[in-house]
Amino acid sequence: MNKMVSTRTGFGTGLVELAGMRDDVVTTSADTYRSFALNKFVEKYPDRYFEFGIAEQGMLTASAAMAAEGCCVFSVGYSPFLSMRGLEQIRTFAAYPNLNVKVAAGLSGLSGDTDGVTHQGTEDIGIVRTIPNMALLCPADAVAAKAFVKMAADLQGPVYLRLGRGATPVVYKENQRFEFGKAIHVRCYGREAVIVACGPCVAEAARAADQLKEDGIMVTVLDMYTIKPLDVDTLAGCCEGAGSVITVEDGTVCGLGSAVAEALVEHNVHPKHFKRLGMTTFGTAGSLPELLGFFGLDSKGIVESVQSLQ
């Protein structure tokens, strides 16, 4: 995992490729096309790009109207503003009528890094997963982000695609196959602990698993990239009889952590220990690696959490 590429770069590449295959694909932007590597899209398909400026609510309303007329709309902006300022528009105008509005949300989780709390979308998973009809995808790397563009477009209805900002480790090979609603075993050494992660925490969990293996603790790492709908079958099967289950996300623990906890309880799966790694406070300013370390979400913090439950 030495190669570093941002998920928004993967998204931009995937969107240009998708637009070349489908004439119904359009993009709306809240003054964010450069941030999402959409320069090539704008150059190649200027008549399919609509700029709204810093007006997320208007952008999402217009996106829903376009989708109602048969377009597949990728609406790009920043997670804190889309998932909170634009929440009513996502809920009422996109999700309620089940329209093909694909919300591409950058600066998700702690990836807003040095811009601080106002630009860190740490609450988005917890908010968006409550909305009916809404699918929620969280790529671990640029390869997944590129693949999820087509995955989102092929789904009927609204999708929230969670993207980061800066370069993060590439976890997957270019030919990796992703299936909607199915988790991937990133590491499968044993079930002394099962680590369920998403987004940039997947790479950290994989590194932690490798280190724990050297220390004689055999764990499994699941990339739960489809947070809604959750892959309950894989989750329950993997966690049944596990020594401990730990969820890891770069946002509030009421996101992936609570989703996993709910699923395990409802399916009568009871590991010996369960722990949610994530945030219970607001963030702070720093680089993404610094913030992951500060909140105990990097490989070191994950190792320490697993060891504490042995």
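**Backbone features and helix α7**

In this predicted model, aspartate 31 sits in the loop that runs between β2 (25-29) and α2 (39-44). The phi angle of aspartate 31 is near 60°, a positive value in a residue other than glycine. Aspartate 31 is partly exposed, because its relative accessible area of 48% falls between the limits of 20% and 50%.

A positive phi of about 60° also occurs at asparagine 268, which is not a glycine either. Asparagine 268 belongs to the loop between α10 (256-266) and β14 (273-279). With a relative accessibility of 56%, asparagine 268 is over the 50% limit and therefore counts as exposed.

One more loop deserves a look. The peptide bond leading from lysine 228 to proline 229 is cis, with omega near 0°, and proline 229 is located in the loop between β12 (226-228) and α9 (232-239).

Turning to helix α7, its 13 residues (142-154) should span 18 Å at 1.5 Å a residue, and the end C-alpha atoms are 19 Å apart, so the two values agree. Helix α7 nonetheless contains a kink of about 30°, centred on phenylalanine 148. At the N-terminal end of α7, aspartate 141 acts as a cap, with a side-chain oxygen 3.2 Å from the backbone nitrogen of valine 143.

Both Val143 and Phe148 are among the buried residues of α7, which also include Ala142, Ala144, Ala145, Val149, Met151, Ala152 and Ala153. The packing partners of these buried residues are the helix α1 (7-21) and the strands β1 (4-5), β4 (72-78), β5 (101-106), β6 (135-137) and β7 (159-162).

Technical notes: Residues are numbered from 1 along each chain as its sequence is written. This is a predicted model: local features need pLDDT of at least 70, side-chain atom pairs count only at pLDDT 80 or more; totals for chains, interfaces and linings use all residues. Side-chain values use heavy atoms; hydrogens and water are left out. Helices (H or I, at least four residues) and strands (E, at least two) are DSSP runs, numbered from the N terminus. The expected span of a helix is 1.5 Å times one less than its number of residues. The bend at a residue is the angle between axes fitted to the seven residues ending there and the seven starting there. Buried means under 20% relative accessible area, exposed over 50%, partly exposed in between (1.4 Å probe, protein chains only). Contact means heavy atoms within 4.5 Å. A polar contact is a pair of N or O atoms within 3.5 Å; within protein, one must be able to donate a hydrogen and the other to accept it, and residues adjacent in sequence count only if both atoms are side-chain atoms.
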